[in-house]
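Colleague: Could you open the model, so that we can go through a few points together?

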Amino acid sequence: MEIWALANEKGGTGKTTTAIHLAAALAAYGKRCLLVDLDPQAHATLGVGMAVEDGRSIAAAFLDGAPLSSLIRTSSAGFHVIASEARLGEFEEVAERSLQPERILAGALERLVSRYDWVILDCPPRADGVLTANATRAATTTLLVVETGAFALQGALRARAIFEERAAASGDTASLRLLATMYEREERISREVLVALQARFDEIMLDTVIRRHELLREAVACGVPASELDLESGAMQDFDALANEVLGRTLPNTTLPRPIVARDLALHPDRD
Ligand SMILES: Nc1ncnc2c1ncn2[C@@H]1O[C@H](COP(=O)(O)OP(=O)(O)O)[C@@H](O)[C@H]1O
Ligand SMILES: [Mg+2]
């Protein structure tokens, strides 16, 4: 079972949007996929159109010891979801009085190993909290999701330092990868940040870059994955490329233009 934790130091970098659409793209390839919303703000829950129901969320696992299997719901896009709710925020305080609170999720997920091929963990917007620590502890890969905008490089460097320090202290074995999102070719800052990320994170950066798509903004606001609005969109093309890359596949033969590849852009930032 692959477990990917999508994380960063700050909000608004595209973690939740990527979590939902990567889960949908993997499900479209027949992968049994579970999305776990670990953010008390519950944006992933709302983004897949689910109500935030008190009691049946990941908070019950962290605060009451409920088994994950009792919390699973089915989304319309072919993957399973464990929702979140505001009560999850109480865990930060409870954890201060607990022994090894960062191990709860890893232990709970072990019981689901035979049920899923992929688990996507959508983290809250901080790298150092106990919820994100649970995710990186459980993960086989921590995916640092970085928007190609102002101050993104500083945030990404800080997050990498926090994750590497924690891994060294706790023996976490997750590998660290980086995904650039919200790329806008027409914007100079976006091009420059992508080149800077490539220079500083070359060895861990995924080739796929998620571009900025208005459709994604609309989809998340409407509570439906973009695949339900427009299967042929550029947004779906980007997440299809991402799914192929994380599955270790080469891109299928297609008449669509090849998705943007970071390595090419770093060499030719002004190229179309
Ligand atoms: N690739 C994208 N193209 C356009 N808008 C995006 C994209 N990714 C995220 N957004 C928008 O940016 C905002 C923050 O994204 P979100 O995924 O919630 O980030 P995070 O989970 O890191 O806080 C949301 O309004 C979302 O709709
Ligand atoms: Mg989020």
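Modeller: What follows covers the ligand, one strand and the cysteines, in a model that is predicted.

Colleague: Which residues come nearest to ligand 1?

Modeller: There are 14 residues around ligand 1, and those that come nearest are Gly-12, Lys-15, Thr-16, Thr-17 and His-213.

Colleague: And which polar side-chain atom lies 2.6 Å from an oxygen atom of ligand 1?

Modeller: That atom belongs to Thr-17. Backbone atoms take part as well, since a polar one of Thr-13 is 2.9 Å from an oxygen atom of ligand 1, while a polar one of His-213 is 2.9 Å from a nitrogen atom of the ligand. Taken alone, ligand 1 exposes 550 Å², of which the protein buries 83%.

Colleague: Changing topic, how many residues of β8 are buried?

Modeller: Strand β8, residues 205–211, has 5 of its 7 residues buried, which leaves the strand mostly covered.

Colleague: What joins β7 to β8?

Modeller: Strand β7, residues 175–183, runs parallel to β8 and is joined to it by 3 bridges; in one bridge pair, Leu-178 has Met-205 of β8 as its partner. Together with helix α8, residues 188–201, the two strands make a β-α-β unit that is right-handed.

Colleague: How many disulfides does the structure hold?

Modeller: The structure holds 0 disulfides.

Colleague: Why is Cys-33 without a bond?

Modeller: The closest cysteine sulfur to that of Cys-33 is in Cys-123, and because the two are 15 Å apart, they are too far for a bond.

Colleague: Are Cys-33 and Cys-222 buried or exposed?

Modeller: Cys-33 is buried, at a relative accessible area of 2%, whereas Cys-222 counts as exposed, with 55% relative accessibility.

Notes
Residues are numbered from 1 along each chain as its sequence is written. Chains are lettered from A and ligands numbered from 1 in the order in which they are written. This is a predicted model: local features need pLDDT of at least 70, side-chain atom pairs count only at pLDDT 80 or more; totals for chains, interfaces and linings use all residues. Side-chain values use heavy atoms; hydrogens and water are left out. Buried means under 20% relative accessible area, exposed over 50%, partly exposed in between (1.4 Å probe, protein chains only). Helices (H or I, at least four residues) and strands (E, at least two) are DSSP runs, numbered from the N terminus. Two strands pair if DSSP finds at least two bridges between them. A crossover is right-handed if, with the strands pointing away from the viewer, the path from the first strand over the helix to the second runs clockwise. A residue is near a molecule or strand if one of its heavy atoms lies within 4 Å of it. A polar contact is a pair of N or O atoms within 3.5 Å; within protein, one must be able to donate a hydrogen and the other to accept it, and residues adjacent in sequence count only if both atoms are side-chain atoms. Accessible areas come from the Shrake-Rupley method with a 1.4 Å probe; for residues, only the protein chains shown count as cover. A disulfide is a pair of cysteine sulfur atoms within 2.5 Å.
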